[in-house]
Amino acid sequence: TVGNYYFDPTFPFNWDECKQLGIKVTPYTVPAFDGSSVDSQLGWFFSKFGDRVPDMPVVGDYETAMIRGMSRREIDIFTHQHLAGLTNYKGWDDPWFYSNANFCNNYLYPSAAWQHYMLWVASYPSPPLPIREFPPTMPRYWDEWGVHQFSADGNMAGPKYGASSASIDLDRMQPEVWKWVLEHGTEEPEPEPCPMPNIGKVHLVFNNDGEIYDYTGEVGRVN
């Protein structure tokens, strides 16, 4: 989903086909920084995903292209609240954080909370390099990545992978993350909370101005 207004009409078919073929799947949601509330955007996502069960944590997709007039402080607070709203969804302990260095470095403030979420980083080599030789450009608030998207629009790789589109997103995953997905992904019943390895838990505490000023040892929902 995107914001509180868009739902991919092909999602139900693609989801069912992936499940039938045994392909691991999870949904992602792209918040719109347009002044609409976190609750309305998450409510839209939850209503569209319904009773489906993901094979790994859901993904929040945070991008500069979705900014519509909100300040850096407002975007920072919104992002914290959006992630908190996805925490423990469908039994998964933590959502995954998809973004890039541009968004994180320019629109988020320093916080110990960021490393609480596994990073799915978008970073593309130019010119294209052998992927094993290309370390992604990291956002300053993370020390390591779990998934790296290294190619997307314009790669004309869709037919190679059986996609109907000309181009396709291409990603690589750290071996330990993939191993964890294989061990914990399931359909029924809903999985028990499965914390990602080597990531601590952080409770965000806000002051009256909406600024984060304290971190403690348990995950808390931010309202």
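This section describes the overall architecture, the nonpolar cores, the aromatic pairs and selected residues of the protein. The model is predicted.

The protein contains 5 helices and 8 strands. Along the sequence, these elements are arranged in the pattern α-β-α-β-α-β-α-β-β-β-α-β-β. Of the 223 residues in the protein, 48% are buried. Among the contacts with a separation of 6 or more, 69% are made by residues 24 or more positions apart. The accessible surface amounts to about 11,600 Å², and carbon and sulfur atoms contribute 51% of this area.

The interior was examined next. The largest nonpolar core comprises 33 residues, of which Phe33, Tyr62, Phe97, Phe103, Leu108, Trp114 and Trp142 touch the most other members. At least two residues of this core are supplied by each of the elements α1 (11-21), α2 (38-49), α3, α4 (101-107) and β4 (119-122). Apart from the largest core lies another one, of 12 residues, which includes Met56, Ala122, Trp180 and Val181. The surroundings of Phe97 illustrate the packing in the largest core. When residues up to four places away in sequence are not counted, Phe97 touches Gly60, Tyr62, Thr79, Leu83, Cys104, Leu108, Trp114, Tyr117, Met118, Leu119, Trp120 and Trp142. Of these contacts, Tyr62, Leu108, Trp114 and Trp142 are also listed with Phe97 among the core residues that touch the most other members.

Aromatic residues were then considered. A pair of aromatic rings is described by the distance of the centres and the angle of the planes. A search of the whole structure yields 20 aromatic pairs. One of them joins Trp96 and Trp180 in a tilted arrangement, with 6.4 Å from centre to centre and 40 degrees between the planes. Trp96 belongs to strand β3 (residues 96-99) and Trp180 to helix α5 (residues 175-184), so the pair ties together parts that are 84 residues apart in sequence. Both Trp96 and Trp180 are buried. Elsewhere, ring pairs connect Phe7, Phe11, Trp15, Phe45, Phe46, Phe49 and Tyr89 into a cluster.

Tyr109 is approached by two arginine residues. Arg72 lies over the face of the Tyr109 ring, 4.0 Å from the ring centre. The charged end of Arg73 likewise sits over the ring of Tyr109, at a distance of 3.9 Å from its centre.

Arg68 is located in the loop between β2 (59-61) and α3 (72-86). Its relative accessibility is 51%, and Arg68 therefore counts as exposed, the cut-off being over 50%. Despite a separation of 34 residues along the chain, the C-alpha atoms of Arg68 and Asp34 are 4.6 Å apart. Beyond residues up to four places away in sequence, Arg68 touches Phe33 and Asp34. Phe33 is itself one of the residues of the largest nonpolar core that touch the most other members. Within the neighbourhood of Arg68 along the chain, a polar atom of the Arg68 side chain lies 2.6 Å from the backbone oxygen of Ala65.

At the start of the chain, Thr1 occupies the segment before α1. Thr1 has a relative accessible area of 15% and is therefore buried, as this value is under 20%. Not counting residues up to four places away in sequence, the contacts of Thr1 are Tyr6, Phe7, Tyr28, Thr29, Val30, Trp44, Phe45 and Lys48. Two of these residues, Phe7 and Phe45, also belong to the aromatic cluster.

The loop between α3 and β3 holds two residues with notable backbone angles. Most residues other than glycine have a negative phi. Asn88, which is not a glycine, has a positive phi of about 65 degrees, and Asn88 lies in this loop. Lys90 is placed in the loop between α3 and β3 as well, and its phi is also positive, near 60 degrees. With a relative accessible area of 44%, Asn88 is partly exposed, whereas Lys90, at 10% relative accessibility, counts as buried.

Finally, Phe134 is found in the loop between β4 and β5 (147-151). Phe134 counts as buried because its relative accessibility, 11%, is under 20%. The C-alpha atoms of Phe134 and Ser123 are separated by 9.4 Å in space, and the two residues by 11 positions in sequence.

How values were computed
Residues are numbered from 1 along each chain as its sequence is written. This is a predicted model: local features need pLDDT of at least 70, side-chain atom pairs count only at pLDDT 80 or more; totals for chains, interfaces and linings use all residues. Side-chain values use heavy atoms; hydrogens and water are left out. Helices (H or I, at least four residues) and strands (E, at least two) are DSSP runs, numbered from the N terminus. Buried means under 20% relative accessible area, exposed over 50%, partly exposed in between (1.4 Å probe, protein chains only). Contact means heavy atoms within 4.5 Å. A polar contact is a pair of N or O atoms within 3.5 Å; within protein, one must be able to donate a hydrogen and the other to accept it, and residues adjacent in sequence count only if both atoms are side-chain atoms. Rings of Phe, Tyr and Trp (its six-membered ring) pair if their centres lie within 6.5 Å; planes under 30 degrees apart count as stacked, over 60 as edge-to-face and the rest as tilted. A charge sits over a ring if NZ of Lys or CZ of Arg is within 6 Å of the ring centre and within 35 degrees of the ring normal. A nonpolar core is a set of buried Ala, Val, Leu, Ile, Met, Phe, Trp, Tyr and Cys residues joined through side-chain atoms within 4.5 Å. Accessible areas come from the Shrake-Rupley method with a 1.4 Å probe; for residues, only the protein chains shown count as cover.
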